Each structure stands twice: as C-alpha cells, then as structure tokens.
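User: I've got a model open and would like to talk it through with you. Can we go step by step?

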Protein chains: 2
Amino acid sequence: MSPHPLEEILHPRSIAVVGASDSGRGGAFVSALVGQEYRGKIYPVNPGHSEIMGFKAYARVKDIPDPVDYVISSVPASQVLSMLDDCVEKGVRAVHLFTARFSETGRKEAAELEQEILRRAGEGGIRLIGPNCLGIYYPDEGISFHEGFPRESGSAGLASQSGQAVGEIVQMAAQRGLRFSKAISYGNAIDFNECDYLEYFAQDPQTRIIMMYVEGVRDGRRFFETLRRATAAKPVIIVKGGRGESGTRATASHTASLAGSMEVWETLVNQAGAVSAGNLEELVDLAAGFYFLSPIAGRRVAVAGGSGGSSVLAADECEEAGLDVVPLPVEIREELKSKGDPIWDWIGNPADMSIRVNRDFDTGDMLVMMAGNQNFDLLIAFIRGPHRRGNERISAETVIERHRLSELNNKPLLAVMVDIIPGASDDDDYAWMRELMEEVRDKLVAASVPVYPSIGRAARAASKLIDYYQRRESD
Amino acid sequence: MSPHPLEEILHPRSIAVVGASDSGRGGAFVSALVGQEYRGKIYPVNPGHSEIMGFKAYARVKDIPDPVDYVISSVPASQVLSMLDDCVEKGVRAVHLFTARFSETGRKEAAELEQEILRRAGEGGIRLIGPNCLGIYYPDEGISFHEGFPRESGSAGLASQSGQAVGEIVQMAAQRGLRFSKAISYGNAIDFNECDYLEYFAQDPQTRIIMMYVEGVRDGRRFFETLRRATAAKPVIIVKGGRGESGTRATASHTASLAGSMEVWETLVNQAGAVSAGNLEELVDLAAGFYFLSPIAGRRVAVAGGSGGSSVLAADECEEAGLDVVPLPVEIREELKSKGDPIWDWIGNPADMSIRVNRDFDTGDMLVMMAGNQNFDLLIAFIRGPHRRGNERISAETVIERHRLSELNNKPLLAVMVDIIPGASDDDDYAWMRELMEEVRDKLVAASVPVYPSIGRAARAASKLIDYYQRRESD
C-alpha cells in the first residue's frame with residue numbers, strides 16, 4: 001500500500017517561511033520551529049532582510065541554494081501566485097498557506113484568486129494546506145506553529161478547521177496530560193480537506209484517538225463514509241462549529257464553510273459511531289477519558305472523597321448525567337463493621353469522607369474497597385484541595401499517595417479537582433496552596449488519571465464514554 | 001418593628017469555643033476568629049488545657065469570669081446536654097453546634113438526643129444554630145469559621161445547609177470579586193431553620209442578593225411564602241441538593257433532610273420568582289451577574305474579542321442558551337467603512353478580532369461601538385490571554401485598559417477569560433502568563449465586571465438573568 005498523500009509531506013528536510021520578519025506571525029513560525037527543535041533546515045524568506053532571527057534570509061524561495069520541501073506562506077494574498085511560481089521552480093512539495101483573505105471574506109475576486117491558487121498548485125505538483133490556517137504541529141518532527149506546545153508527542157490526533165481551536169485544545173489537553181501525534185489546523189481546506197485529514201489519522205499508527213473541530217464539509221457522502229471507517233479503527237470525537245443561525249453566519253466569514261442542518265449532522269455523526277461534543281472543553285473532557293481509561297463496562301458509579309453538599313450534588317449530577325449511583329453494597333458496610341468502623345451503617349455512595357473521624361482510613365482506602373466490589377463499573381474520586389491543620393500544611397489527599405493504582409483492580413477512575421484557592425488573589429498567604437494543588441494534579445496526570453474540574457463534567461464525560469462502548473457492543 | 005431574632009444573636013460581645021485545642025476543628029474556630037480580627041473576647045474551653053493558642057482556657061463555660069453571649073460547640077454529641085446546662089447558667093444567648101452525629105446518622109437514639117437538646121435549649125432561652133454545621137461568617141463582626149475567607153464584607157447573603165458548600169461558594173465567589181454580608185452554614189436546622197435564614201436575609205439592609213443551598217425544607221408552605229416575600233425584595237438564587245434518588249439518600253445521611261419531589265420543588269421555586277441553579281458553579285455564575293450588572297433589558301447580545309473557532313462556538317453557545325445573536329447592525333459597518341476599515345463588510349457579530357490587521361482598533365473599541373448601538377441589550381467580551389510577540393510579553397487586552405467602562409453606555413458587560421496557560425505545568429517559561437492573567441482578572445473584578453471561565457457559562461447565566469427580569473416585568 002502506498003503511503004497516505006499527507007504522510008509524504010509530513011517529513012520535510014527543510015522548511016522555508018515566506019514573509020518572515022523579526023516580529024509578526026511570519027517570525028513566530030520561525031521561532032516555533034526553533035523552540036520545537038526542528039532538525040531540518042529553516043530558511044526565512046523576505047526581500048527586505050539579509051538575516052532573520054539568526055538565520056540567513058533570502059529574497060525569494062528560488063534564491064535558496066538547497067532543496068526546499070515545505071513552505072509556510074505568510075505573505076499577503078496578492079503575492080501568493082508569484083510565490084507559488086517560485087515554489088514550482090524550486091521543486092517544493094507542499095505549501096501551507098497561513099495567508100488569508102480569500103473566500104472567507106465573501107468577496108468574489110478573493111474567492112476567484114483562491115481557486116486560481118488551487119489550479120496553479122495542482123499544475124505544479126504542489127499540495128496545499130489551508131489557506132487561512134495555522135498548519136501543522138508534529139512534535140516528533142519538531143514542527144509547530146506555537147512556541148508553547150509540548151515538545152513531547154503522544155497518541156491523540158487533532159484536525160481542526162480553526163487554528164485558534166488547535167491552540168486552545170492542545171493547551172487544555174496538555175494541562176491534563178494528553179499529548180499529540182499531530183495536530184493540524186486546516187482552514188479553508190481547498191486542497192487537502194477534512195476527509196483527507198480524518199482518513200490520515202484513521203490509518204496513522206501513532207494516533208489512538210481522533211479529535212476534530214469541523215465547521216463544514218464539502219462532500220457529505222465521502223465524509224460520513226470516511227468517518228464510519230475511522231470509528232471502526234479508533235474513537236473519533238467531533239465538535240461542530242456553526243450549529244445555529246448565527247454560528248452558521250460566523251463559519252461563512254471564518255472559513256467560508258456551509259454549515260448545513262444540525263439535525264442531519266447529529267444523526268449522521270451518531271450513525272457513523274462517532275462521539276459529539278458541544279464545545280472545546282467537552283472535546284478535551286471526552287478525549288481525556290478515551291486517552292487514559294480502559295473501556296467502562298457499565299453505568300454503576302462509585303463516588304468517594306466529597307464532603308457534605310458536594311457529595312449530595314455529586315449524586316444528583318451523576319444521576320442527571322445518566323450514571324447509576326447505586327447504594328453502597330452491604331458487603332462494604334459489613335467489612336467496615338468488622339474493622340470496627342463506628343459509622344459503618346451510615347456511610348453511603350457517594351462516600352462522604354468528611355463524616356469520618358478515623359484519619360487512617362481515607363478516600364484512597366474507600367476507593368480500593370469500592371474497586372474490589374463487583375457492583376461498581378467505574379470510580380469517581382474527589383481530590384480535596386490542600387488545607388491547613390493548625391500550623392501544618394496538608395497536601396491534598398490522593399489515591400496515589402497511599403495506594404498503587406493497581407489496587408484499583410483495573411476499574412476506570414476519574415478524578416475531580418475543583419480549582420479553588422482560599423483568600424483573595426492578592427493574598428500571598430495562599431500561594432502555597434496553588435503550588436500543592438499543581439503538584440497533586442501533576443501526580444495524577446503522571447499516573448494516567450484523567451482530571452476534571454467539576455463533578456458534572458466528569459460525570460457527563462463518563463456517561464458519553466459508556467454510551468460509546470455500549471453502542472459498539474451492540475453492533 | 002422588633003429586630004429579627006437572628007439579628008439579636010449576631011453581635012456577640014464574646015464567643016466561647018467549647019472543645020477547642022491547639023489542633024483540630026475546635027482550634028480552627030479560634031484561629032478563624034483571630035484571623036478575621038474578631039473584636040470581642042475569645043474564650044477557649046477545654047478541661048485539659050490552661051492555655052490554647054495564646055488565650056487563657058477554661059475547664060467549663062461556667063468558669064469564664066465574664067459574660068458569654070455566643071458559644072461554638074465542638075464537643076462530642078454525648079457532652080452537649082451538660083454543656084447546655086452550663087450555658088443556661090451562664091446566660092448564653094446562642095449556641096452554634098458544630099457537634100454532629102445526630103439525626104443524620106439514621107439512628108433512633110441520636111435523633112432523640114437531638115430533640116432533647118432542642119427542648120433543653122428552648123427551656124433555657126438559648127437559640128441554636130445547627131447542629132452539624134460550620135455556623136456563621138460575618139466579616140463586619142469579624143466572625144468566621146474559615147481562616148481564608150475575605151475580611152472585607154459585601155452585599156451577598158448566603159444560607160446553606162452544607163458547610164462545605166459555604167466554603168466552596170465563598171471562595172469561588174471571592175475569586176470573582178463578590179463579598180458577603182453574612183454566610184451561614186445551618187446543617188440540621190433544628191431551631192433556626194431555612195425559613196428563618198431566608199427571612200433574615202430578606203429584611204437585612206446589608207444584603208442585596210440572597211444565595212441558598214437547600215437539601216430539604218421542614219414546612220413547605222412557610223418556605224414558599226417566605227421565598228415569595230424575599231424575591232419581592234431582592235433576587236434569590238437557590239441550589240437544591242438531593243434532586244434524584246441517590247441524592248435524596250445522600251441528603252438523609254448528610255443533614256437528615258427529606259428531599260421531596262423535584263418537579264414540585266421546581267414549580268414552586270419558579271412561581272415564587274426565585275432563580276434555580278443546578279450546582280454551586282452556576283450559583284456563583286448567577287450571583288456574579290446579579291451582583292455586578294444592572295438589569296438586562298433584552299436578549300440581543302453583542303460578542304467581541306474571540307477569534308476563529310471560539311467566535312463560531314460563541315455564536316452557537318449563546319444561541320443555545322437562549323440569547324439572540326443578531327447580525328452586526330449596518331450602522332456599525334458603515335462607521336467602520338467611513339473610518340477606512342478594509343474589512344468593514346466582513347466583520348460580524350460575534351466580532352472575530354483575529355481577522356483585524358489594524359492593531360489600533362481592538363476589542364475595547366469594538367465594544368464601545370456595540371454598546372452605543374440600540375440593537376444590543378448586553379455585551380460579552382472575550383479577554384484573550386497574554387501572549388508573546390517576538391521577545392515582547394503582551395498583556396491580555398482588556399476593555400478597561402484603553403477605555404473607561406462609562407463609555408460602554410451602561411450596557412451590561414460580561415467577560416470571558418479561559419484559563420489556559422501554554423506549556424506543561426513544569427515549564428517555568430510561562431509563569432509570567434499566569435501572573436499577567438491574574439493581574440487582568442483583578443483589574444476586571446476591580447471594575448465590577450463579572451468574569452466567567454467559558455462562553456457557555458457566561459451565556460447561560462445571562463439568559464437566566466434575562467428570564468428573571470422579564471418575569472418581573474410581566475408580573
């Protein structure tokens with residue numbers, strides 16, 4: 001089998017950044033490549049400069065003495081055609097057009113120019129990414145458009161019509177321990193389009209789960225067929241931008257996409273076996289679940305570690321999300337009784353840990369007991385924030401501080417950490433709390449536990465994961 | 001009119017903390033009073049100590065030589081009756097029972113003891129707060145149960161059956177600039193109950209908005225009548241804990257509450273003119289809106305400052321929340337055109353600010369134009385995070401950096417700040433970003449702008465506020 005056409009352009013020996021300068025977006029592409037430790041050659045191109053960010057600069061692409069495989073264009077739209085001619089002459093294989101102001105402006109001449117660019121590139125044997133997009137983040141190749149993205153790679157793949165969304169998703173996901181095989185911002189998608197990217201990730205062995213942000217699809221039949229094949233191979237989670245009237249208007253001016261009917265979309269996405277998310281936060285919530293958890297066998301959830309009102313609301317929000325908050329099994333109560341626990345008959349599910357006097361028995365112990373019980377299919381743990389006890393600063397208790405996760409018997413575990421720091425933000429007394437919370441979060445992430453900022457988000461993500469696995473089982 | 005019975009006990013000249021020690025919850029009450037700069041006298045009571053945290057300690061309440069107005073009890077349940085006898089002898093007016101393990105245990109003898117305590121206190125002329133609660137936070141009197149609560153007071157009142165919820169609410173609200181008149185955790189509520197607290201806040205001139213977390217009400221008729229009277233005076237926002245089967249089980253073991261039917265509850269809360277919230281985050285989202293914003297006249301929202309996908313999803317989420325994302329009025333386009341703006345015909349609502357080349361015209365300028373237009377009833381601004389431009393560190397742009405809020409023409413403004421920091425958490429390169437973001441957040445809070453962590457939460461809060469004002473208008 002020949003490699004996917006995208007695979008052929010993803011390993012450039014050299015990248016030219018046309019329209020680079022020491023500041024502005026063109027220069028930011030150069031510094032992102034440097035920051036990401038791109039091992040190939042970098043050639044800034046700008047007729048007004050002899051050197052840019054320490055690299056020798058060239059006036060035109062064809063002036064570069066060595067081969068150029070890949071070009072990032074940040075010149076104005078009016079200069080793209082002549083730049084493309086240079087690229088053809090130079091034997092460039094792919095051009096990423098950061099350049100915008102094409103069909104998305106709604107102007108006839110801009111849309112015509114876009115079509116002419118596609119035609120000219122096709123004739124010259126050049127594949128296009130974009131226009132109007134941020135392009136490729138591929139950590140293993142050291143390619144990035146953003147300095148702050150992790151250098152480490154992982155197994156999440158992302159294709160997004162919006163570059164801003166890639167930035168937001170990669171960074172939100174990174175805070176929760178997910179890393180990416182590749183993340184691609186593809187904008188107006190005049191050459192490679194959403195189907196190509198989806199197809200690529202479906203066959204990419206480095207990618208275990210696929211995330212997408214889509215505003216519109218050009219060829220609905222091909223897209224849903226590709227989607228069906230992709231979901232047969234790995235989970236696909238999709239956010240649709242442009243669901244309502246005003247959002248549809250916004251997609252037109254953003255990436256010139258025709259959004260189409262939302263009802264038809266939802267039906268087809270479901271039929272294809274993909275998972276829908278309503279916004280980028282939910283996309284990351286779901287991706288974190290698929291990334292870290294083994295398949296969840298059923299809906300019976302055990303919740304531990306909350307206290308008072310948070311336990312009560314945890315029960316409500318889990319139930320409203322479609323989880324089954326079963327009562328604490330009698331075996332667990334009997335075991336607590338046999339250990340001399342004074343509140344054995346009172347503790348329930350959710351297990352409110354604030355009512356425990358005995359500090360030797362903590363959330364981790366409770367979770368181990370719950371994990372060992374066949375009445376539960378998954379576990380949700382509240383990780384309480386750090387606090388002061390007298391003069392002592394107590395770290396948040398964590399499951400992993402006192403237990404090995406292997407004791408959880410392979411039961412899927414989701415952690416909830418509510419980000420609350422006491423005191424006003426000008427109160428330096430509490431900076432240590434933020435530090436301790438971040439330390440605990442890092443420990444959980446390192447232990448491959450997906451962390452959620454609220455019980456509602458954890459419960460809704462878990463429920464959609466269960467829907468997904470149950471649907472697959474019934475297929 | 002005689003003062004409300006609660007008012008009579010809220011200004012104690014002295015507080016005794018029975019069961020205090022240098023560590024543990026009893027001691028934490030003492031250090032919270034110290035931290036909050038309580039001006040009255042503090043008397044720790046513990047037969048095993050002569051001094052606690054620098055205060056002379058007494059063996060029993062009746063040993064204290066001076067008058068004692070208010071007692072916080074953290075002795076075990078079995079010692080409460082004898083402590084109460086001492087309090088009666090000493091002329092104490094109110095006892096806050098942090099002490100728990102009563103009816104919430106589901107045990108008959110514990111429930112009977114609770115009733116005996118109520119009887120004995122009534123005979124002795126002592127009013128009770130609790131049992132099984134954290135009691136009172138009253139910043140102007142320097143009373144608190146939590147060291148980290150702000151010392152500054154404000155105009156939000158909170159009554160909550162759960163003490164944990166008070167902690168979470170006060171701290172989440174504090175991060176967003178809300179301050180409290182009083183916040184009361186009332187637990188099992190055997191004497192003063194939810195109706196008394198609601199009635200108190202309704203008549204309290206220091207309280208402009210009332211927040212409640214309720215698990216169950218004893219007397220439905222009185223509660224809803226009180227609620228109706230309260231909502232006539234000021235906005236009341238309520239979270240109900242124990243909405244489903246498992247939540248109802250949890251309320252029983254938390255505060256011995258009977259949760260009742262959720263449908264009946266929702267109907268009665270709506271009929272009374274109160275606002276329902278599904279969880280504590282939404283409670284704070286709504287409270288922030290009522291706290292800072294003038295009434296919103298209609299649903300037509302102007303959104304500015306997002307970019308790319310976030311603008312598209314903003315349109316979708318606003319519309320799904322019930323807001324009306326009207327197209328950008330022609331007058332604004334004409335004004336942009338007359339100013340020579342090259343994309344005057346392309347910019348829309350949401351106004352995607354990433355498509356602007358001209359950096360002299362920012363989100364603030366756009367908002368000022370939108371605020372001046374009669375087609376909009378409210379404004380939502382995305383405040384973009386700080387970023388690097390070349391070697392320069394750019395602060396988040398804010399409305400208030402370049403504009404006075406008065407230029408917004410009194411249009412209600414909600415700000416959205418998504419908390420994303422690039423890079424992994426171990427990357428010190430980006431610590432400056434968090435600092436800058438916190439600085440910007442502080443500026444917004446200081447300018448009385450409610451800040452939301454996502455567009456969805458801002459839109460849903462705004463929509464419920466509009467529902468509230470429209471319902472009042474039609475009454």
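User: Among contacts in chain A between residues at least 6 apart in sequence, what percentage join residues at least 24 apart?

Analyst: Bear in mind that this is a predicted model. Chain A carries 15 helices and 19 strands, and its C-alpha atoms fill a box of roughly 85 × 50 × 45 Å along the principal axes. Of the contacts in chain A between residues at least 6 apart in sequence, the share that joins residues at least 24 apart is 74%.

User: And what percentage of the residues in chain A are buried?

Analyst: A residue needs 20 or more other C-beta atoms within 10 Å of its own to count as buried. Chain A has 475 residues, and the buried ones make up 55%.

User: How are the two copies related?

Analyst: Chain B lands on chain A after a rotation of 180° with 0.0 Å of shift along the axis, at an RMSD of 0.0 Å. The copies are thus related as by a two-fold rotation axis.

User: Which element gives the largest share of the side of chain B that touches chain A?

Analyst: The contact takes 68 residues from chain B and 68 residues from chain A. On the chain B side, α4, α7, α9, α10, β16 and α14 of chain B each supply at least two residues. The largest share there, 10 residues, comes from α10(B).

User: How do the residues on that side of chain B divide into nonpolar, polar and charged?

Analyst: First, the surface itself: 100% of the interface residues of chain B are also interface residues in chain A, so the copies meet through the same surface. On the side of chain B that touches chain A, the residues divide into 19 nonpolar, 32 polar and 17 charged.

User: Let's look at α10(A). How many of its 12 residues are buried?

Analyst: Helix α10(A) runs over residues 309–320; at 1.5 Å a residue it should span 16 Å, and its end C-alpha atoms are 16 Å apart, which agrees. The buried residues include G309(A), V312(A), L313(A) and C318(A). α10(A) is largely enclosed by the rest of the structure, because the number of buried residues is 10 of the 12.

User: Which residue with a positive phi follows α10(A)?

Analyst: Past the end of this helix there's a backbone phi near 100°. The residue that has it is G322(A).

User: Which strands stand at the edges of the six-stranded sheet in chain A?

Analyst: That open sheet has the order β8-β10-β9-β11-β12-β13 (chain A), with mixed pairing. An edge strand has a single partner strand, so one side of it is left without a neighbour in the sheet; here the edge strands are β8(A) and β13(A).

User: What's the bridge partner of I238(A) in β13(A)?

Analyst: Strand β12(A), residues 236–240, pairs with β13(A) in the parallel sense over three bridges. In β13(A), the partner of I238(A) is S276(A).

User: Which helix packs on this sheet, touching β8, β9, β10 and β11 of chain A?

Analyst: The helix covers residues 163–175, and its direction makes about 155° with that of β9(A). The helix is α4(A).

User: Over in chain B, which helix packs on the sheet, touching β15, β18 and β19?

Analyst: Four strands form this open sheet, in the order β14-β15-β18-β19 (chain B), with parallel pairing. Its edge strands are β14 and β19 of chain B, each pairing on one side only. The helix covers residues 455–474, and its direction makes about 160° with that of β18(B); it's α15(B).

User: Which residue of β6(A) stands opposite I72(A)?

Analyst: Strand β5(A) has Y70(A) and I72(A) pointing one way and V71(A) and S73(A) the other way, and all are buried. β5(A) pairs in the parallel sense over four bridges with β1(A), and β5(A) also pairs in the parallel sense over four bridges with β6(A). With β1(A), the partner of A16(A) is V71(A). In β6(A), the residue opposite I72(A) is H96(A).

User: Last one: is W344(A) buried, partly exposed or exposed?

Analyst: W344(A) sits in the loop between α11 and α12 of chain A. Leaving aside neighbours within four places in sequence, W344(A) is in contact with R333(A), L336(A) and K337(A). A residue is buried at 20 or more neighbours and exposed at 12 or fewer. W344(A) has 16 C-beta neighbours inside 10 Å, so it counts as partly exposed.

Note on methods: Residues are numbered from 1 along each chain as its sequence is written. Chains are lettered from A and ligands numbered from 1 in the order in which they are written. This is a predicted model: local features need pLDDT of at least 70, side-chain atom pairs count only at pLDDT 80 or more; totals for chains, interfaces and linings use all residues. Two residues are in contact if their C-beta atoms, placed from the backbone, lie within 7 Å. Two strands pair if DSSP finds at least two bridges between them. Axes are lines fitted to C-alpha atoms, for helices over the stretch in contact, and angles run from 0 to 180 degrees between N-to-C directions. Copies are superposed by least squares on the C-alpha atoms of residues with pLDDT of at least 70 in both. The expected span of a helix is 1.5 Å times one less than its number of residues. Ala, Val, Leu, Ile, Met, Phe, Trp, Tyr, Cys and Pro count as nonpolar, Asp, Glu, Lys and Arg as charged, and the others, Gly among them, as polar.
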